[in-house]
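Subject: Structure for you to look at

Hello,

I am passing on a structure that you have not worked with before. Please open it alongside this message; my notes follow below.

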4 protein chains.
Amino acid sequence: MQSNINFDESALAQRLMNHRREFHRYPEAAWREFFTTSRIASHLQQMGYSLCFDEEIIKRDSVMGRDADLVAKAQERAISWGADLQFLAQMNGMTGVGAILDTGRPGPVVALRFDIDAVEVMESQDDSHRPRFLGFASLAPGVAHACGHDAHAAIGLGIAELLAQEQANLTGKVKILFQPAEEGCRAGKAIAESGWLDDVDYFFAAHMGMNVPSGTLVCDPQHFLCSSKFDLHFSGKPAHAGIEPNAGQNALAAACTSVTQMLAIPRHRDGMTRINVGQMHAGDGRNVIPANAVLMGETRGENRELNSFMYQQVERIAKASADMHGVSVDICPQGEAIGLANDPELVALLESIGEESGFTQIFREKDFGASEDAGYLVDRVQASGGKAIYCLVGSDLTAGHHNGDFDIDESRMLPAVKLLFNAVKATQAKYAGQEIIYS
Amino acid sequence: MQSNINFDESALAQRLMNHRREFHRYPEAAWREFFTTSRIASHLQQMGYSLCFDEEIIKRDSVMGRDADLVAKAQERAISWGADLQFLAQMNGMTGVGAILDTGRPGPVVALRFDIDAVEVMESQDDSHRPRFLGFASLAPGVAHACGHDAHAAIGLGIAELLAQEQANLTGKVKILFQPAEEGCRAGKAIAESGWLDDVDYFFAAHMGMNVPSGTLVCDPQHFLCSSKFDLHFSGKPAHAGIEPNAGQNALAAACTSVTQMLAIPRHRDGMTRINVGQMHAGDGRNVIPANAVLMGETRGENRELNSFMYQQVERIAKASADMHGVSVDICPQGEAIGLANDPELVALLESIGEESGFTQIFREKDFGASEDAGYLVDRVQASGGKAIYCLVGSDLTAGHHNGDFDIDESRMLPAVKLLFNAVKATQAKYAGQEIIYS
Amino acid sequence: MQSNINFDESALAQRLMNHRREFHRYPEAAWREFFTTSRIASHLQQMGYSLCFDEEIIKRDSVMGRDADLVAKAQERAISWGADLQFLAQMNGMTGVGAILDTGRPGPVVALRFDIDAVEVMESQDDSHRPRFLGFASLAPGVAHACGHDAHAAIGLGIAELLAQEQANLTGKVKILFQPAEEGCRAGKAIAESGWLDDVDYFFAAHMGMNVPSGTLVCDPQHFLCSSKFDLHFSGKPAHAGIEPNAGQNALAAACTSVTQMLAIPRHRDGMTRINVGQMHAGDGRNVIPANAVLMGETRGENRELNSFMYQQVERIAKASADMHGVSVDICPQGEAIGLANDPELVALLESIGEESGFTQIFREKDFGASEDAGYLVDRVQASGGKAIYCLVGSDLTAGHHNGDFDIDESRMLPAVKLLFNAVKATQAKYAGQEIIYS
Amino acid sequence: MQSNINFDESALAQRLMNHRREFHRYPEAAWREFFTTSRIASHLQQMGYSLCFDEEIIKRDSVMGRDADLVAKAQERAISWGADLQFLAQMNGMTGVGAILDTGRPGPVVALRFDIDAVEVMESQDDSHRPRFLGFASLAPGVAHACGHDAHAAIGLGIAELLAQEQANLTGKVKILFQPAEEGCRAGKAIAESGWLDDVDYFFAAHMGMNVPSGTLVCDPQHFLCSSKFDLHFSGKPAHAGIEPNAGQNALAAACTSVTQMLAIPRHRDGMTRINVGQMHAGDGRNVIPANAVLMGETRGENRELNSFMYQQVERIAKASADMHGVSVDICPQGEAIGLANDPELVALLESIGEESGFTQIFREKDFGASEDAGYLVDRVQASGGKAIYCLVGSDLTAGHHNGDFDIDESRMLPAVKLLFNAVKATQAKYAGQEIIYS
C-alpha cells in the first residue's frame, strides 16, 4: 500500500507551525478552552466539516474536575481575546468540538483524537526560551502549553485540512475529536459515555514527546497507569482557639490525619501503586480552630484492581479521619484514568507505515509510566467492536513535560500528520478488501 | 466532748505494727487479696463481728479490671501462704470483707472504710530499706505495699478491736469495710452499687501520707480527680509482611494511630484534663502484619463533665482508628473514679477532735490532685441521705507513693485509730442529742 | 478632684461617630493602615500636635508578621482611596503615628494608646447589619473593623481634640499613640523597643466591648494570656508523584506531621496552655510531591513560663517533622504577647473617676482570657519607672469580636473620651501635689 | 556423567526420617540450637569428620539478633535434654557446626549448607497433625520446626554419611555447614565474614517446600529479597500522668509516631519495597508516662539499593521520632539478607542431574519472593572466586511455612541427598577435566 497524496509539504509545515504558535500564545487549562475551541471550530467550518458541541460529545453527568467559577472567568477572557460568540453559544459552557467528514460512500468510520488543553504552569521567563524570543509566549500568566497539546491541536487541523482536500478519494466517515480537559483525566469518561464514538471502527491517538526523540515512532507504548484524582473537603466548626478550644471541630487536623494515613496505605502484592496529596488549603485565621480544609490527591495503580484498592483505602481513610475529629468530609472525584491497551492489528499497521510517513526509527514498545485520558475512549471503541491505538510521536524537548522550560520540536508535526493520513487510507483500503501488507 | 476510753496505747501501737508488717510481707494486688482478707476476717470473727462477703458487699456486674486468670493464681498462692479455706469459700473469688457490730441499741449507723490492696511495684532491694533490714519485706516479687494500704488495714483492725472492747458504751451500728481493689479505682463502684452502705448515717475514710507530714491532719482535701481507666483491644488480620502486605489488617498501626490522636484531644475551656496511654503490647512476629494490639490508658478531669468529655473523645478516636485500618476494637473499662466532696459538718467534726486524737497540726484544705475510689462510696452514702468524709493522716515517707522505696511512719497509725474512735463516739453523741462543740 | 472642662458633648459625640464610621468604611489590616494613619495624622496636624513616624516610634528589627507584598498593595489602595502622599512619605512603609502635645510647663508625661487596625473578616452582607443599612459598611471585601478599633481610633481623635482645646490648662506633656498591627500582637514589641514611651509617667489604654455591657467600666481586667504567633515554612523537593515518588521531599507531609504532633503537646501541671494551627497552605499541583508548605499557628499560656514551654515544644516538633521527611523548616515569629499587670494606683484612680465620666457601673476585676499587644507597652513603661493601666469600656455588641456581624454601641465612645481626659487631669493634679481622693 | 554409587536407598530413607523426627521433637530457635548442634556433631564425629565450632565458623562481631539470656536458658534446656557437655564446651555459646572431609587428593573444595533452627510458632495441637499422632511433636511449647529445617539437618547428615562412605572415590575437600539462626537472617553475615568458606570452589544449598510440589526441582529461583531486620529501643523519662504530664518524655508516643511514619515511607520508582513493624511493647503502668518502648521491624527491597533506601528512611524516622518527643533511640540491627544470584554453570549442572537424582519435573525459574540468609554465603563464595547455587526441592506441605500445621513430605529428603551427592561428584569430575554434559 502506498499513500498517493500530493501536497506541498513545506506549506503545510508552515501552517502547522502557525496554528501551534497561536494556540501556544492563548493557553487555556482544562474545561476552559473557549478561545482554543472557537479557533479550531472556525477552521473546521471553513473546511466543510459538520461540527458537534456540548452534549453531542459530552455526557454532562460524567464530567469531572470542572469548576463553574473558573469556567465563567475563562469564557470572559476568551471573549476578550476575540473568541467567536456564535461558537461560544454552541459550546454552551462545554469546551471541545467534534468534527465529521462524511464521504457518503461506503467505508469505515475512522476517528482521530487530539487533546487541546494547556497546563497550569508558569512559562519560563528566560530570554532563551524559544516561545519567548520568537514572540509567541503564553499571554496567560500561570498557564502554558507545557505538555505539547498546542502541537496536537495543530496536527488535528493539519490532518483535517488534508482529509478535506482529499475527500474525493476517501470512503466512509472520518470523525475528528478535539478533546478538552485531558490534563487531570477529567473529560475522557464524559466523552466516552456520550456515545459519540460508538460507531467508530478505527480510532487513532498520538502524543508528542514523552522522552521519545525526534524521528522515532513508538507504536505500542506499555503501562498506562490507572488513576483516580480526588478532592477531599473537610468541614468542621470554628471556635476561638484560646477561649474554647474544646468547642471546635478541627477540619485541618482531620485533613492532616488523612494525609499521614493515606501515605501509609500498604504496598500491594500484585504490583505498583501510588498515592499523592499534592495540595492542601485549610483555615482562615491563626487563632481560630480551622473549620474547613480541602486537599487534592490522586491514586495510581498498574491495573484497575490496584488503583481500585488504593482508592477504596482513600475513601475509608477520609471517612475515618473525619470521624476521628468529628467533622464531615466530601469526597469529590476530579478525574480518572483507566488503563489502555492497543489492538495488535493497529500496532502492526503503524509499524508498516511509519517509515513512509517520515520516521527514521520505529519501535514497538516503550514504558509509558503515566496516565492518559484516552484510555476511556480506547476502551469505549473496543467495547463497541472497534479497534484503537495510541502511539508516541518522537520530539526532542527542551525540558520535561509540565516544566516551564518545555518546548517541542515543531518539525515533528508534519510526520504525525502524514502518519495519521496514511493510517486513515490504510483502514479504508482494508475495508475495501485490499490487503494491507505490513512491511 | 471528750473521749473517755481507757486502753493501753502502747500495746495497741504494738499490735498495729504487727498487723501492718504481716500485711506488708504478703502483699496482694487488686482483686487478689485472698490471704489478706482471710487474715482480716479471722481477726474480726474472733472479735465478734458478723461478716459479709462476695455479693453481700459487691455487685458483680459492676466489677472492673478483674482478670480471672490472675485471680485464680492469687488464690492458689494465698492457700500456699496459709489462707483459711473456709473464708476462701465464703469469698467465692471476691476479695474484701464487711464487718458489722450491732449494739442493738438505738443510734446511728456509722461506716469506716479501709482499703487493703498492694500495688504492682518491685520493692526496693536496698539493705537500708526498713522492711528489708527489719525482715518484713514483700514475699511476692513485683508486688509491694507501696501506697500504705497495709497500714490502712492495720488501722481497721485496731479500731475494730477498740470498738468491740467498748461495745457496752456504744449505740447504733458500726460497719467496717475492708475494701479490695482500690488501686485503679476498680471496686468502688461495685461496692457502692451492692447497697451495703445505703443505711449509713456517717461514713469515714482516711489515707496516710499523701505528702502530709507526721503529726498533721488534713480534714478536707480538695480536687479529687475524676478518671476513667480503659483498655483498647484492636483485632485485625495477619498477613506475610513481605508477600502480601495488602492482605493484612494492621492492629498495631490502628493502635499507634489512636495513641497519637488521643494525646491530641483538645484542651478544655473549663479546666484541667488529662490523657495517658501507659502501655501497649502488639504483634507476635517481626515479619507478620500484626493482628492484635492492646493498650492501657486513662483519662482524667477536674470534674465529671471534663472527664466525660475526655472519655467520649477516646471512644470516638478508638472507633475511628479501627475504621481507618479496617480492624475492630473493643473498649474495655478498667476502673473509674468520680469526684469526692466532703460534708462540711464532718469537716468541722474532724477539726474539733484532731488535737485530742494526737495530731499536732490540723489543716482544713490541701490539694489532693489524684483519684480515689472512695468517691463512689462517699457519693452513695450522700445520695442515700448520709454524711461522709475522707481525710488525710500525715506520715513522713521515705519515698513517694508507688515508689519501691516507699515506707511509712508506723507511729502515725495510733492517732488515726483514736481519731476514728473519737469520730464514732461524736456521731453517737450527736445522735443522742448531745451537742458537739467544735473546738 | 473634679474635671472642669466645658465642651459641647453632643457635638463631640457626633464627631466621634463620623470619625468611627469613616474608619469603618476603609478598614485596613495589620501593618497596612496607610489610609487610616494618613487620616489620623491629618487631623492631628490640624490640631497642632507634632507627629512621629516610622523609626521614631517603631524599631524595625523587632517588627513581626509584616508581609512586604501585602504592604505594597495596601499602600496603592490607600492612595486610590485618597491617602495624603506627604504622610505616606513620612510613614516610609510603616503605619501608625505618635502625636505629642508639649505644654512647655512642668508636669508629668502621660501617654494614651489607641490601636487602629481592622481584622481579616468578611463583614456581614445582611441588610440588618447596621454599617450596611446606614451606609458605612467596609469597602474592602474580606476586611472589617470587627474588633472595635475603628472606635478606638475615633476616641483617640476625640481626646486629642479635647486636650488640644484645653491645652492652656494642662501641664507637662501628652503623648498619643495610634498603634498599628495590634491584631496578632505584631507591633507592640517593636514600638516598646523604639523607646518612644521610655519617658512616660502614666500610660492609659482601653478596649471597648469584650463582653462588658454598655455603661460598665472594668478597671483591672485579669488573665491576659501570654502568646506566641508563628509561621512554619517547610521547603522540600518536588518530584512526579507517579514516576518517581521516592525522589521528592514532601513538605506537605512534614507540615501535616507537625500539626498532629503539635496538637499532642502534653498538658502542663502548672496551668492553662493552648496550641492552635489555624491555617495551612501547601503544594502547587495534584500529581507532584509538594515541595512547600506554610502553616500559621500560635501557642498560649497562663504565664510566660507556660507559653515558653509550649513554644519550645513547637520549635522541637517543627525541627523533628522536617528531619522526618528530609525537608527544611523556617520558624518565623509573627507576633507575641506577654502578660499585662495594671498598677494598683491607676486602678484606684479609674475607679474614682468612672462615675463622673459617665459610667453607671464600675467593676474592679473581670477575666480577660485573651492576649493583648499592649502588654509590651505596659511592661516597658513600668520597667522605665512609670505606671500603666489597661481597662475595659463596656459596649453592647451585636455579635462577638471577630465575627462578621460585630457592631458596637457608638454612644459609648464619649464616656471613654471623658474617662481618659479626667485621667490625664488627675495625674497632672497629682504631679502638682494635689491629693487625688479616690472616691 | 553417571553417579555410580551403590547404597541401600530404603535404609538411608529410614535414617533420614529418624534424624528428622528427632530434630522435630527438640526444636530450638535461632542461636539456641545447642541440643541440635550437639546431636549433629556427635554423628559427624562418628563418621570421621573434623569439626569446627564458634569463632572458626562465626565472626562474633557480626552476629545479629542473639539474646544472651535466651541463649543461657536454651543451653540449660539442651543439657536437660541430654546434650553432650563436651560439644557444648566447644560451642562456647555459639551454635552450629562446620564439618570437613579432606580426601588428601587434589580436587575442588565443595561446600554444602544446611540450616538447622526452628521457628517460634506454636505447633498444632490437632490430633490429625502428623507429628502429633505419630508421636514426634515438639517438646518445646511455642517453638516448632515449621519451616522444614529439621529435614534440612537430616539431609545434611544423610549426605555426610554417603560422602564418608564413598570417601575413597572422592577427591579434594568437602565442607558441610550446619548453620544456626537462618530465621531472621541473623547468622549468615557472621559466618561469611569468618572466612570459613573462602577456599570454596562450589557451594550448594537447598530449601524444601516453598510452594514447590513433591517431585519437582527448581534450579534457579528468582527474586530473593534484600531485607534488614531491626529493633528500635526508645528511652524516655517517666512521670505521673495525672500530676505532671509535662515532666515525662514519652517513649511510647515516640514509638507510635515512628510506626505511622515508617508505614508512610514513599514507594520507589525502581521496584518493590516493603516495611513492617511486627511488634511493639511499651510502658509499665497505666498512669505513668511510658519511659520505654521497643518495636521490631523489617525492611525489604527487590535489590540492595531499594532495601538500603528503605533502611535509611527507617533510621531517619527513628531519630526524628525520638527528637520529636525528647527521648533517645537505639537502632539495633537484628538480621540482614542481601540478594542471591545463582551461577549459570551450576544451574545447568543441577538441571542435568535432576532426573537421575529422582526428580520428575525440573524447572528453571520460580519466584522466591522472600529473604534467605544464604545470600551472604553465596555472595562470599562468589566474591572469593567460587561458584554457588541455591535451589528448591519440592515437597507437598500440609500448611504454609511458619504455620502451626506445617508438615513436609518426608519421602522427598532422599532425592535431595542424591542430588547433592551427584552434584559433588559432578564438580569433582569437572575438576578432573572430564566434561560434564548438561543433558
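How many of the seven residues of strand E5 (residues 202–208) of chain D are buried? Before the reply, a note on conventions. This is a predicted model, in which local features need pLDDT of at least 70, side-chain atom pairs count only at pLDDT 80 or more, and totals for chains, interfaces and linings use all residues. Residues are numbered from 1 along each chain as its sequence is written, while chains are lettered from A and ligands numbered from 1 in the order in which they are written.

Strand E5 of chain D

Seven of the seven residues are buried, so E5(D) is largely enclosed by the rest of the structure. A residue counts as buried if 20 or more other C-beta atoms lie within 10 Å of its own, as exposed if 12 or fewer do, and as partly exposed in between, with C-beta atoms placed from the backbone. Strands (E, at least two residues) and helices (H or I, at least four) are DSSP runs, numbered from the N terminus.

Both faces of E5(D) are covered. Tyr202(D), Phe204(D), Ala206(D) and Met208(D) are buried on one side, and Phe203(D), Ala205(D) and His207(D) on the other.

E5(D) has parallel pairings with strand E3 (residues 109–115) of chain D, over four bridges, and with strand E12 (residues 387–393) of chain D, over seven bridges. Two strands pair if DSSP finds at least two bridges between them. On the E3 side, Val110(D) stands opposite Tyr202(D); in E12(D), Ala388(D) is the bridge partner of Phe203(D).

Chain A as a whole

Chain A contains 12 helices and 12 strands. Its radius of gyration is 23 Å, which agrees with the value near 22 Å for a compact globule of 439 residues. That radius is taken over C-alpha atoms, and the globule rule is 2.2 Å times the number of residues to the power 0.38. Along the principal axes, the C-alpha atoms of chain A fill a box of roughly 80 × 50 × 40 Å. Of the 439 residues, 57% count as buried.

Two residues are in contact if their C-beta atoms, placed from the backbone, lie within 7 Å. Among contacts in chain A between residues at least 6 apart in sequence, 84% join residues at least 24 apart.

The domain assignment, which is automatic or from a database, gives chain A domain 1 (9–223 + 341–431) and domain 2 (226–337). The C-alpha centres of these domains lie 34 Å apart. Where they touch, 11 residues of domain 1 are in contact with nine residues of domain 2. The domain 1 side divides into two nonpolar, five polar and four charged residues. Here Ala, Val, Leu, Ile, Met, Phe, Trp, Tyr, Cys and Pro count as nonpolar, Asp, Glu, Lys and Arg as charged, and the others, Gly among them, as polar.

Chains C and A

In this pair, 36 residues of chain C are in contact with 36 residues of chain A. Helix H8 (251–263), strand E8 (273–282) and strand E9 (292–301) of chain C each give two or more residues to that side. E8(C) gives the most, with eight residues. The chain C side is made up of 17 nonpolar, 13 polar and six charged residues.

Strand E8 (residues 273–282) of chain A runs antiparallel to E8(C), and three bridges join them. Ala282(A) stands opposite Met280(C).

A turn of 180° and a shift of 0.3 Å along the axis lay chain C on chain A with an RMSD of 0.2 Å. That is the relation of a two-fold axis. Copies are superposed by least squares on the C-alpha atoms of residues with pLDDT of at least 70 in both. The same surface serves both copies, as 100% of the contact residues of chain C recur in chain A.

Chains B and C

Here six residues of chain B are in contact with six residues of chain C. Helix H8 (251–263) and strand E8 (273–282) of chain B each give two or more residues to the chain B side, which divides into two nonpolar, two polar and two charged residues. A rotation of 178° with 0.1 Å of shift along its axis superposes chain B on chain C, with an RMSD of 0.4 Å. Ala264(B) is the residue of chain B that comes closest to the rotation axis, at 2.1 Å (C-alpha).

Regards
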